[in-house]
Amino acid sequence: MNAATPRTTATPAAPATVSAPLPDPGEPVDTHCPYCSLQCGMGLRRLPAGTSDAPAEVVERPAFPVNRGALCGKGRTAARLLAPGARLTEPLVRDPATGRLVPADWDTALARVAAGLSRTGAAHGKDAVGVFGGGGLTNEKAYALGKFARVVLGTSQIDYNGRFCMSSAAAAHQRAFGLDRGLPFPLADIARTGCVVLVGSNLAETMPPALRYLTELKENGGRLIVVDPRRTRTAEQADLHLAPRPGTDLALALGLLHLVVAEGRTDEEFIAARTSGWPAARAAAMAHWPELAERVTGVPVPQLRAAVRLFCAADSAMVLTARGPEQQSKGTDTVGAWINLCLATGHAGREHSGYGCLTGQGNGQGGREHGQKADQLPGYRKLSDPAARAHVAEVWGVPPESLPGPGRSAYELLDALGRDVRALLLMGSNPVVSAPRAAHVEQRIRALDFLAVADVVLSETATLADVVLPVAQWAEETGTTTNLEGRVLLRRRALPPPPGVRTDLQVLHSLAALLGWEKGFPADPEETFDELRRASAGGPADYAGITYRRIAAEDGVFWPCSGEDHPGTPRLFLDRFATPDGRARFAPVTHRPAAEEPDDRYPVVLTTGRVLAQYQSGAQTRRVPELATAAPGPYVEIHPRLARQYGIEDGRLVAVVSRRGRAVAPARFSEAIRADTVFMPFHWPGPGRANTLTNPALDPVSGMPEFKMCAVRLEPVEES
Ligand SMILES: Nc1nc2c(c(=O)[nH]1)N[C@H]1C(S)=C(S)[C@@H](COP(=O)(O)OP(=O)(O)OC[C@H]3O[C@@H](n4cnc5c(=O)[nH]c(N)nc54)[C@H](O)[C@@H]3O)O[C@H]1N2
Ligand SMILES: Nc1nc2c(c(=O)[nH]1)N[C@H]1C(S)=C(S)[C@@H](COP(=O)(O)OP(=O)(O)OC[C@H]3O[C@@H](n4cnc5c(=O)[nH]c(N)nc54)[C@H](O)[C@@H]3O)O[C@H]1N2
Ligand code: SF4
Ligand SMILES: [Mo]
């Protein structure tokens, strides 16, 4: 391997990135929203300079099948951040004399990053250099970042924010079906099933255009069950709303399965023909009486019976989970229990039936397939599998033994900063706001010897960096994402980035060159994608047959797709599951409490999540005026009955205190939440940061932190 010493020559001029020429101004370009995993189709039209606050406008693209023209407010305003005044347009480096971030040219900034990373590697070993990626990055970027870590840096220490997102569902998918694709069917199938159980998803706020499929479901006579401790806008649509105490979905699913068995509603033929492991799973469920489920979850037995009736009476049915049941220290087992319910009733591996996970970030699916995850190589191959290593090493032109082994999961990596991991390259995440136990994580980041952040804005994490690299956005660079259905999509370049801004691929290309790798990191997205196709060929997430041209012509292509004559795979598992024997595996799961249950000192449950107008850490959406007005700051959603116990008044400040820290935000009274639980959205930094409170207890299989449940106490705050 090449020595990781930076060359002294100047960085080459920014390498070209363009796969296709820019369209004419005025002509809308078909592209996709920069935010969530629905990846709504939209058009983007460049505007003549000086006519608007933004250099382009979002227009409808009704022909795209997933959202059929509909967009939420975040998508509609997405062009706002393209304005040069709204974002970073020059690199920043920390001035050793003043300790401030000051503007610098690209050569200086990149040379500092190369030196910072290689110095740490040379002094403390390659695993002292870490990389943290994001599920918002395109497939091309995620692929290049993983390759950069393993090949150029030679480090095992890479993971990404998707670990905080769908990792529990991914692990449960792998365990049950031998393959992890969020939805094994197109989203539109939801409208054609008999019953949908939506567990811990508030898609009316998190994926609003998807709500129409639930409306169509009901118009077609189908039924909707929503499981959420809050009566959300989504739950309001339901025929039946179950409101369990946070962190108890596992007991709920076991109680339901118990009833299915007790009432003789299992599909024995399906179980015999298409599954394995039923006796153990059945025995585990039989130990979980409905009365026990009621005691643990707070959901009355008659409601459990009603749910079983709706679910089993339907010819076809689906269970869809999102972050509610997944972001728990037992998230993998919890999802496993919901999958068991599908398998026992024969609602899996059939048309319009099955289990699915609603992924989250724009490229939440593709971001976990191509190598930025600690244990994984492109094509969803395992880093621990010798055959996978050999295949990918050959594509990369390196010896297989040069590839490091699996590294730490995201929280473990953040927790190791400033200790075992002393330099970090961060691309596409803002952990100071979004990581659990965020004050501690912030402290670990501050303890680093060197931090480089590539971002479009000066996020809270970027303000702590030694070097900040201003990068291009969705509309300024071509690239693919894979939406929640496993449909690979093409975002097309519609306008050039402002001067001073470069793409992530250009950044990786230049850093690789400075660290001795002139070749192997093309700045061109299509060239990168073609290499990704070869690296993924034959793997579980096979992209070999997917080309930019096909994606554009076919409204996206579903993986696996092994060759250019392969039609792609909209529906998985209809004939067999992806396990060696073709059978889906039951998981013999039993209930266990959350890592931190309420007690005398911390008697209230805190859960966290999202609001419609803000996205994630808010780094982007807090900078969009319309969205900042719609959702200006943090709050504590609380039932008036609970509030009265502590003398808390509506609209007045309340302190929420956990074993990790204290957050302060106004109380927002709501009868829609359980009276033993408070809810905080996590989109803001500062005193109201929800993640100051959250518990980093990790799921032992997936490494998912327990964002959805910790114990807190409440105190009114004297306002001066
Ligand atoms: N507006 C908006 N949309 C987004 C995002 C955003 O930040 N803002 N982010 C995107 C991303 S990355 C993701 S991952 C998705 C997330 O999408 P969702 O999973 O829909 O979002 P959350 O609000 O995190 O959680 C959903 C619901 O889980 C409930 N819940 C809390 N605790 C529990 C529990 O223990 N059990 C159950 N069953 N439910 C519980 C909450 O009350 C909440 O209503 O949204 C995507 N879309
Ligand atoms: N309490 C609590 N915490 C949570 C959750 C929860 O439900 N509750 N949910 C978790 C989940 S599901 C998620 S997904 C995480 C997400 O949390 P984060 O990882 O913080 O996600 P974002 O805020 O989307 O951060 C993305 C950053 O990358 C930048 N960016 C956007 N596009 C690009 C790009 O193309 N290149 C580069 N270099 N940068 C880019 C953005 O400006 C932003 O600063 O939060 C997790 N944290
Ligand atoms: S639902 Fe998601 S993809 Fe669609 S416009 Fe809103 S944020 Fe964008
Ligand atoms: Mo997410």
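This report walks through one helix, the pockets, the cavities and some aromatic pairs of a predicted model.

Residues are numbered from 1 along each chain as its sequence is written, and chains are lettered from A and ligands numbered from 1 in the order in which they are written. Because the model is predicted, local features need pLDDT of at least 70 and side-chain atom pairs count only at pLDDT 80 or more, while totals for chains, interfaces and linings use all residues; side-chain values use heavy atoms, with hydrogens and water left out.

**Helix 4**

A good place to start is helix 4, residues 167-177. Helices (H or I, at least four residues) and strands (E, at least two) are DSSP runs, numbered from the N terminus. Nine of the 11 residues of helix 4 are buried, so the helix is mostly covered. Here, buried means under 20% relative accessible area, exposed means over 50%, and partly exposed is in between (1.4 Å probe, protein chains only). Among the buried residues of helix 4 are Ser167, Ala172, His173 and Phe177. What do they pack against? Their partners are helix 12 (323-326), helix 13 (331-344), strand 13 (354-357) and strand 22 (584-585), with contact meaning heavy atoms within 4.5 Å. Glycine 178 follows helix 4, and its phi is positive, near 80°.

**Pockets**

Helix 4 also turns up in the largest pocket, where it gives the most to the lining, with four residues. On a 1 Å grid over the protein atoms alone, a pocket is an open set of points with protein on both sides within 12 Å along at least five of seven lines, while a cavity is a set of points where a 1.4 Å probe fits but cannot get out; lining residues have an atom within 4 Å of a point. Grid points are joined across faces, edges and corners, and a volume is the space filled by probe spheres set on the points.

The largest pocket holds about 460 Å³ of space. Of its 18 lining residues, Gln174, Lys373, Asp375, Tyr380 and Lys382 lie nearest the centre. Helix 4 and strand 15 (381-382) each supply at least two residues of this lining. Where does the largest pocket lie? Domain 2 (92-164 + 366-558) and domain 3 (167-357) both give residues to the lining, so the pocket lies between them. Domain bounds come from an automatic or database domain assignment.

The second largest pocket has a volume of about 360 Å³. Glu205, Arg233, Val611, Tyr635 and Arg668 lie nearest its centre, out of 20 lining residues. Domain 3 (167-357) and domain 4 (604-716) each provide at least three residues of that lining.

**Cavities**

The structure also holds nine cavities of 30 Å³ or more. The largest cavity contains about 780 Å³ of space. It is lined by 42 residues, and Gly136, Gln361, Gly428, Tyr615 and Gln620 are the closest to its centre. Strand 17 (450-455) and strand 23 (604-609) are the elements that give two or more residues to this lining. At least three lining residues come from each of domain 2 (92-164 + 366-558) and domain 4 (604-716).

About 550 Å³ of space lies in the second largest cavity. Its lining has 39 residues, of which Gly200, Asn202, Thr206, Arg323 and Arg610 are the closest to the centre. Helix 5 (203-206), helix 12 and strand 23 each give two or more residues to it.

The table sets out the linings by class. Ala, Val, Leu, Ile, Met, Phe, Trp, Tyr, Cys and Pro count as nonpolar, Asp, Glu, Lys and Arg as charged, and the others, Gly among them, as polar.

| Space | Nonpolar | Polar | Charged |
|---|---|---|---|
| Largest pocket | seven residues | six residues | five residues |
| Second largest pocket | 10 residues | three residues | seven residues |
| Largest cavity | 15 residues | 20 residues | seven residues |
| Second largest cavity | 14 residues | 16 residues | nine residues |

**Aromatic pairs**

A search of the whole structure finds 10 aromatic pairs. Rings of Phe, Tyr and Trp (its six-membered ring) pair if their centres lie within 6.5 Å; planes under 30 degrees apart count as stacked, over 60 as edge-to-face and the rest as tilted. Phenylalanine 164 and phenylalanine 707 have ring centres 5.5 Å apart and planes at 80°, so their pair is edge-to-face. Phenylalanine 164 sits in the loop between strand 7 (158-160) and helix 4, and phenylalanine 707 in the loop between strand 29 (705-706) and strand 30 (710-716), so the pair ties together parts that are 543 residues apart in sequence. Both phenylalanine 164 and phenylalanine 707 are buried.

Phenylalanine 573 and phenylalanine 577 form a tilted pair, 5.3 Å centre to centre with 35° between the planes. These two residues, phenylalanine 573 and phenylalanine 577, are buried as well. Together with Phe177, Phe573 and Phe577 form one aromatic cluster.
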